[in-house]
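Colleague: I have some questions about the labels on this model. Please set each value against its cut-off.

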Amino acid sequence: MVAKQLEELLMSGLYLLGIDNGNTVTKVSLYHVDGSEKYTASRSAATLVPHTGWAERDMTMHWRNTAEAIRETIEKSDVQASEIIGIGCTGHGNGLYLLDKQKLPFRNAIQSMDTRAVEIVQRWEQTNLRSRVFPNAPQAFYPAQTVALLAWLRQHEPESYRNLGSVMLCKDYINFRLTGNLLTDMSDASSANLIDTINGKPSEALLSHFGIAEMVGAIPPLTQSLDIIGKVTSMAAEETGLAVGTPVIGGMIDCAASSIGIGVVEPGQICILIGTWSINQVIVPQPSWTPDLFLTAPFADPRYWLLLEGSATSAANLEWFVTHFGAEERLAAEKRGISPYDICNEAVENIRPEEATIIYHPFLYGSHMQANASASFFGISGWHTRAHLLRAVYEGVVFGHLLHIDKLKQAGTEFGALRMGGGGARSSVWVQMFADMLQIPAEVPEGRETGTRGAALAAGIATGVYRDLAEAVKTAVRVTRVHEPNVRNEAVYRARYEQYKMLIGSMQPQWDAIHHT
């Protein structure tokens with residue numbers, strides 16, 4: 001498509017499609033080129049748990065969910081498929097999506113919540129492997145990382161390992177089903193430690209450190225996030241309702257797409273996502289080769305790098321609490337016709353920060369500091385209520401984010417602006433806690449689907465709608481809420497944060513003892 005003047009395009013009936021496949025939900029959103037959301041469809045993504053600690057998905061169902069959501073989006077939006085001028089796809093990072101040598105799925109995909117490879121990661125840490133692969137593989141190790149899962153597969157499923165033909169990430173498989181082309185982008189491949197990040201290509205020498213050198217030939221060709229990698233095939237069009245020939249871009253890892261979707265595309269800002277994972281990320285002009293950082297990867301804009309600190313320690317803790325202990329909140333919500341989470345927000349808001357003395361550690365799914373960490377409440381007394389426990393969960397999640405943000409600061413990053421997204425950002429009381437603890441105004445853009453929006457805007461650049469990411473977010477991302485920091489709360493939160501960190505140090509040997517019992 002030949003680029004036109006942006007003003008002319010904004011007056012047109014042209015649309016961009018964004019696809020975001022997380023661990024639990026598939027989302028497809030259609031946006032007008034001015035950024036207004038036309039329609040979003042979603043499908044629950046069933047997680048299969050064949051063994052304790054495993055998290056898998058059926059790849060055929062993965063594509064079917066996506067295809068159904070695309071078709072619903074087109075049909076319910078009253079937009080003609082021919083008016084969709086570009087498609088961007090994102091998905092959860094790491095995990096393992098495999099095709100055999102005939103380019104067919106041959107086992108379930110493994111999701112990024114999986115913990116089966118924890119012993120492999122512990123062995124790597126005990127042998128100080130990180131120092132030998134850094135900075136060519138600058139990402140922290142964790143059990144669901146693609147290289148760890150490949151090492152596990154080699155050890156426990158040797159026949160599957162021998163038969164595999166292509167190693168992909170979540171969004172790569174969807175791109176393959178849309179276009180018939182097998183590629184992966186730099187952000188996803190780098191985050192998985194599949195490629196030599198410094199040289200930007202697969203390396204047999206690097207993979208040999210993980211014991212999987214022969215996998216170098218199974219990594220698809222690399223592409224940039226904003227490059228067009230192919231067009232919708234006739235088969236994909238029949239399954240989805242898309243028009244044959246619609247351009248599809250390389251896409252990116254979900255954290256990068258969400259950063260774009262909330263408008264963080266240049267240095268000086270921090271993007272915080274309150275979702276299943278605690279995501280805290282900044283854009284920098286040069287990588288900070290700090291071994292302690294969780295992720296240092298090429299950004300969608302090839303001029304920049306993405307530095308990220310994160311772990312599965314965020315809003316999933318509140319979901320767990322409401323699911324198992326929130327019968328009262330669910331009943332009240334049903335009577336009032338609102339969400340149980342709205343009831344939770346009200347309960348937390350009615351407790352002043354100085355009254356909240358319970359400390360909660362949000363490690364239901366482990367921690368970036370210790371894989372076998374577990375969650376806990378500390379300091380419960382007889383006068384405490386369920387609302388106090390809820391407040392502790394909210395604060396504990398924020399403290400978990402702060403641990404990550406402190407590491408970003410220690411790596412030399414600087415930021416004076418804060419944008420927030422994810423499901424938790426819909427909670428005003430939660431966002432206010434971040435503003436108070438960081439003493440920075442917290443901005444929340446409109447719309448719920450930051451991942452699909454970011455992927456769609458990236459497709460808009462590839463198809464000539466916007467010149468670059470800066471123009472895309474200026475045009476299509478609008479802030480609807482700003483939370484100014486309350487200086488009076490900072491001291492209270494900081495004191496409790498210090499207690500939170502001190503308790504972690506005391507509990508670390510106990511986590512080891514429990515794990516080995």
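Modeller: Start with Arg107, which counts as buried because its relative accessibility is 15% and buried means under 20% relative accessible area, exposed over 50%, partly exposed in between (1.4 Å probe, protein chains only). One caution: this is a predicted model, where local features need pLDDT of at least 70, side-chain atom pairs count only at pLDDT 80 or more, and totals for chains, interfaces and linings use all residues. Residues are numbered from 1 along each chain as its sequence is written, and side-chain values use heavy atoms, with hydrogens and water left out.

Colleague: What makes Arg107 and Glu157 a salt bridge?

Modeller: Their closest N and O atoms are 2.9 Å apart. A salt bridge needs a side-chain nitrogen of Lys or Arg within 4 Å of a carboxyl oxygen of Asp or Glu, so the pair qualifies. Glu157 is buried too, at 18% relative accessible area.

Colleague: Where do Arg107 and Glu157 sit in the chain?

Modeller: Arg107 is in the loop between β6 (97-100) and β7 (109-110). Glu157 is in the loop between α5 (146-156) and α6 (158-163), 50 residues apart from Arg107. Helices (H or I, at least four residues) and strands (E, at least two) are DSSP runs, numbered from the N terminus.

Colleague: Why are Glu214 and Arg154 called partly exposed?

Modeller: Glu214 has a relative accessible area of 44%, and Arg154 has 45%. Both values fall between the buried and exposed limits, so partly exposed is the label. Their side chains meet in a salt bridge, 3.2 Å from N to O. That pair links the loop between α9 (204-209) and β12 (222-223) to helix α5, 60 residues apart.

Colleague: Which residues are joined into one network by salt bridges that share partners?

Modeller: Glu56, Arg107, Asp114, Arg116 and Glu157. The whole structure has 26 salt bridges.

Colleague: How do you know that the charged end of Arg116 sits over the ring of Trp54?

Modeller: The charged end is 3.7 Å from the ring centre of Trp54. The rule asks for NZ of Lys or CZ of Arg within 6 Å of the ring centre and within 35 degrees of the ring normal. The distance is inside the limit, and Arg116 is listed as sitting over that ring. Arg116 also sits over the ring of Trp152, 4.8 Å from its centre.

Colleague: Why is the pair of Trp289 and Trp305 edge-to-face, and why is the pair of Trp277 and Phe294 tilted?

Modeller: The structure holds 19 aromatic pairs. For Trp277 and Phe294, the centres are 5.8 Å apart and the planes meet at 50°. For Trp289 and Trp305, the values are 5.7 Å and 75°. Rings of Phe, Tyr and Trp (its six-membered ring) pair if their centres lie within 6.5 Å; planes under 30 degrees apart count as stacked, over 60 as edge-to-face and the rest as tilted. So 75° gives edge-to-face, and 50° gives tilted.

Colleague: Are Trp289 and Trp305 buried or partly exposed?

Modeller: Trp289 is partly exposed, because its 34% lies between the two limits. Trp305 is buried, because its 15% is under 20%.

Colleague: Which residues do ring pairs link into a cluster?

Modeller: Trp124, Phe141 and Phe210.
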